[in-house]
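User: I've got a structure to go through and I'd like to talk about its strands and how far to trust it. Can you take a look with me?
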Amino acid sequence: MHFNSTKMCDVVCCLLVPTISPNVTSAFNTSSTSINLTWSEVPLEHINGEMKGYVVRYKELNESYSNSKNINISNCSIVLQNLKIYTAYEISVAAASGAGAGKWSVPVIVVTDLDGKS
């Protein structure tokens, strides 16, 4: 059996994703229907290819993931909007290379509140 080592390398190289996750540095509700999330940058030496940005996934607590947002590489924060009032959300962030999303951050849980209440 003959293997083409060039093709094998191309396949292996294309499958590399970022090796570490961003760290969520802050997460808090900004209104009854929005949450502000900020995270640390992943150092380029851990990206394994061209940095494409970040992916944020969020869901209502105890539900399956149904929402995600792709974030521009220059941003390490987002305001998630149009959420439900008085609802707990679980949120994670991952860096993304051309091969896809890497390791997900430790999830944080944030609860939306009634406007003007803490």
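Analyst: Sure, one term before we start: two strands count as paired if DSSP finds at least two bridges between them. Also keep in mind that this is a predicted model.

User: Good. Which element of the chain has the lowest mean pLDDT?
Analyst: Overall, the chain has a mean pLDDT of 82, with 83% of its residues at 70 or more. Among the elements, strand E2 (residues 34-39) sits at the top with 96. At the other end, with a mean of 43, is helix H1 (residues 5-14).

User: Over which residues is the pLDDT below 50?
Analyst: Where pLDDT is low, the predicted coordinates shouldn't be read in detail. The stretch in question has one contact in the model beyond near neighbours in sequence. It covers residues 1-14.

User: Which strand runs antiparallel to E6 and is joined to it by nine bridges?
Analyst: E6 spans residues 88-97. In this pairing, Ala95 of E6 stands opposite Tyr54. The partner joined by nine bridges is strand E3 (residues 51-60).

User: And which strand forms a hairpin with E6?
Analyst: E6 pairs antiparallel with E8 (residues 108-111) over four bridges, where Ile91 stands opposite Val108. Two bridges join E6 to another antiparallel strand, at residues 100-101, and there Ala96 faces Ala101. That strand, with two residues between it and E6, is E7.

User: How many residues of E6 are buried?
Analyst: Buried here means under 20% relative accessible area. E6 has 10 residues and is largely enclosed by the rest of the structure, because the number of them that are buried is nine.

Notes:
Residues are numbered from 1 along each chain as its sequence is written. This is a predicted model: local features need pLDDT of at least 70, side-chain atom pairs count only at pLDDT 80 or more; totals for chains, interfaces and linings use all residues. Side-chain values use heavy atoms; hydrogens and water are left out. pLDDT is the predictor's confidence in each residue, from 0 to 100. Contact means heavy atoms within 4.5 Å. Buried means under 20% relative accessible area, exposed over 50%, partly exposed in between (1.4 Å probe, protein chains only).
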